[in-house]
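Student: I am new to this structure and would like a close look at a single part of it. Please pick one strand, describe its surroundings, and then place it in the whole.

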Amino acid sequence: MRLAGILLGVAFLLVILAILIGPDPVKPERKPFVLPIIFENKIKELQSSFTNQTDRFWRILKNRGLAHLNNASPSQPLVLLLAAPPAAHSTVDCFAKKLAEGLDPEYKRRLATIDGREERSYAGEDTKKKMDDLLKRKFMDGHRAALVHHLELLPPPSPLLFYSYCDDQNAPHKHVAIIFTVHLPVEPEASLAPKEAEGTVEKYLADTVWAAEDKDAVAALLSRVADTVALMNGEPSSSATC
């Protein structure tokens with residue numbers, strides 16, 4: 001009887017403590033099923049601002065984005081390369097940021113961002129480590145998108161980092177989107193078919209930007225970062241303000 005009384009007293013104390021302390025704080029559950037809706041609405045918003053883009057441009061972004069977001073267990077990250085001829089230089093990075101906000105609404109004010117203009121004067125290995133540390137930290141914290149502006153200005157061999165991050169089988173973070181921008185030096189020839197025009201981006205990176213690098217390494221990198229290219233048009237100065 002004495003033991004039963006002790007146990008009853010302990011149980012009573014535990015109940016009192018539970019009431020005083022309250023329930024354990026529970027982090028709100030993420031609701032990934034709303035992400036496709038947010039992204040689709042973002043695309044509609046962008047279409048109303050960036051009115052000079054082609055149907056093909058919007059179709060590429062929308063289809064690839066929704067396919068990734070609707071997949072509960074994607075096998076690889078979403079990788080998009082937004083390429084800008086001179087007429088679109090002033091808008092491509094702004095557009096990329098707005099697109100990333102639609103893919104990562106929770107962190108849209110603190111997007112994981114890398115800018116080749118800021119890294120071009122540093123040693124390539126230092127930049128590679130800096131980018132790796134940033135992406136690891138951001139993705140482990142729950143970020144779903146990363147922006148890499150001016151891919152063409154990153155000092156070699158730092159771009160090779162993206163071979164693993166954009167891998168189609170063994171990428172360390174498959175739920176994320178990585179958006180690259182490339183500023184092209186010239187407009188693609190008007191006579192080229194859309195697919196051929198998009199192909200000039202890969203040619204520019206391989207034959208001009210990374211011409212001095214190992215050909216096999218460059219080819220492997222391009223197979224990942226330039227798998228989906230969306231070529232931007234310029235916008236009238238009165239629209240698409242950022």
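**Strand β1 and its surroundings**

Tutor: In this predicted model, seven of the seven residues of β1 are buried, so the strand is largely enclosed by the rest of the structure. The burial applies to both faces of β1: Leu78, Leu80, Leu82 and Ala84 lie on one side, Val79, Leu81 and Ala83 lie on the other, and all of them are buried.

Next come the partners of β1 in the sheet. With β4, strand β1 pairs in the parallel sense over seven bridges. One residue pair shows the register: leucine 80 has isoleucine 179 of β4 as its bridge partner. β1 is also joined to β5, by three bridges, and these two strands run parallel. Here leucine 81 stands opposite valine 229 of β5.

These pairings belong to an open sheet of five strands in the order β2-β3-β4-β1-β5, with parallel pairing. At the edges stand β2 (112-115) and β5 (229-231); each has a single partner strand, so one side of each is left without a neighbour in the sheet. On average, neighbouring strands of this sheet are turned by 20 degrees against each other, direction ignored. Further along the order, β3 and β4 (residues 177-183) run parallel and are joined by four bridges. Alanine 146 has isoleucine 178 as its bridge partner in β4.

Helix α4 (residues 89-103) packs on this sheet and touches β1 (78-84), β3 and β4; the direction of α4 makes about 175 degrees with that of β4. Alanine 96 is a useful residue to look at in helix α4. What does alanine 96 contact, leaving aside its neighbours within four places in sequence? The contacts are Leu82, Leu147, His149, Ile179 and Thr181. Alanine 96 is buried, with a relative accessible area of 0%. The C-alpha atoms of alanine 96 and leucine 80 are separated by 9.6 Å, and the two residues are 16 apart along the chain.

Another helix, α6, lies across β2, β3 and β4 and runs at about 165 degrees to β2. Threonine 127 is part of this helix, which spans residues 124-140. With a relative accessible area of 1%, threonine 127 is buried. Not counting residues up to four places away in sequence, threonine 127 touches Glu119, Tyr122, Leu154, Pro155 and Ser158.

The nonpolar cores come next. In soluble globular proteins, nonpolar side chains tend to be buried together. The largest nonpolar core here has 35 residues, and those with the most contacts inside it are Leu81, Leu151, Phe162, Phe180 and Val225. Helix α8 (residues 194-209) gives the most to this core, with five residues. There is also a second, separate core of 30 residues, which includes Leu61, Phe95, Ala96 and Ala145. Back in the largest core, Leu151 is among the residues with the most contacts inside it. Not counting residues up to four places away in sequence, leucine 151 touches Leu81, Pro159, Phe162, Phe180, Thr181, Val182, Leu205, Trp210 and Val225.

Two backbone details lie in one loop. Most residues other than glycine have a negative phi, and most peptide bonds are trans. Histidine 150, although not a glycine, has a positive phi of about 55 degrees. Histidine 150 is found in the loop between β3 and α7, and this residue is buried, with a relative accessible area of 8%. The peptide bond from proline 156 to proline 157 is cis, with omega near 0 degrees. Proline 157 has its place in the loop between β3 (145-149) and α7 (162-165).

Finally, the whole protein. Its secondary structure comes to nine helices and five strands, and along the sequence they follow the pattern α-α-α-β-α-β-α-α-β-α-β-α-α-β. Of the 242 residues, 45% count as buried. Among contacts between residues at least 6 apart in sequence, 80% join residues at least 24 apart. The protein exposes about 13400 Å², of which carbon and sulfur atoms supply 56%.

As for confidence, the mean pLDDT is 88, and 84% of the residues reach 70 or more. Over residues 3-30 pLDDT stays under 50, and for this stretch the model has four contacts beyond four places in sequence.

Definitions and conventions:
Residues numbered from 1 in each chain as written. Heavy atoms only, no water. Buried < 20%, exposed > 50% of the residue type's maximum accessible area, 1.4 Å probe, protein only. pLDDT = per-residue confidence, 0-100. Contact = heavy atoms within 4.5 Å. Core = buried A, V, L, I, M, F, W, Y, C linked by side-chain atoms within 4.5 Å. Pairing = 2+ DSSP bridges. Axes fitted to C-alpha atoms, helices over the stretch in contact; angles between N-to-C directions. Areas by Shrake-Rupley, 256 points an atom, 1.4 Å probe, with all protein chains shown as cover.
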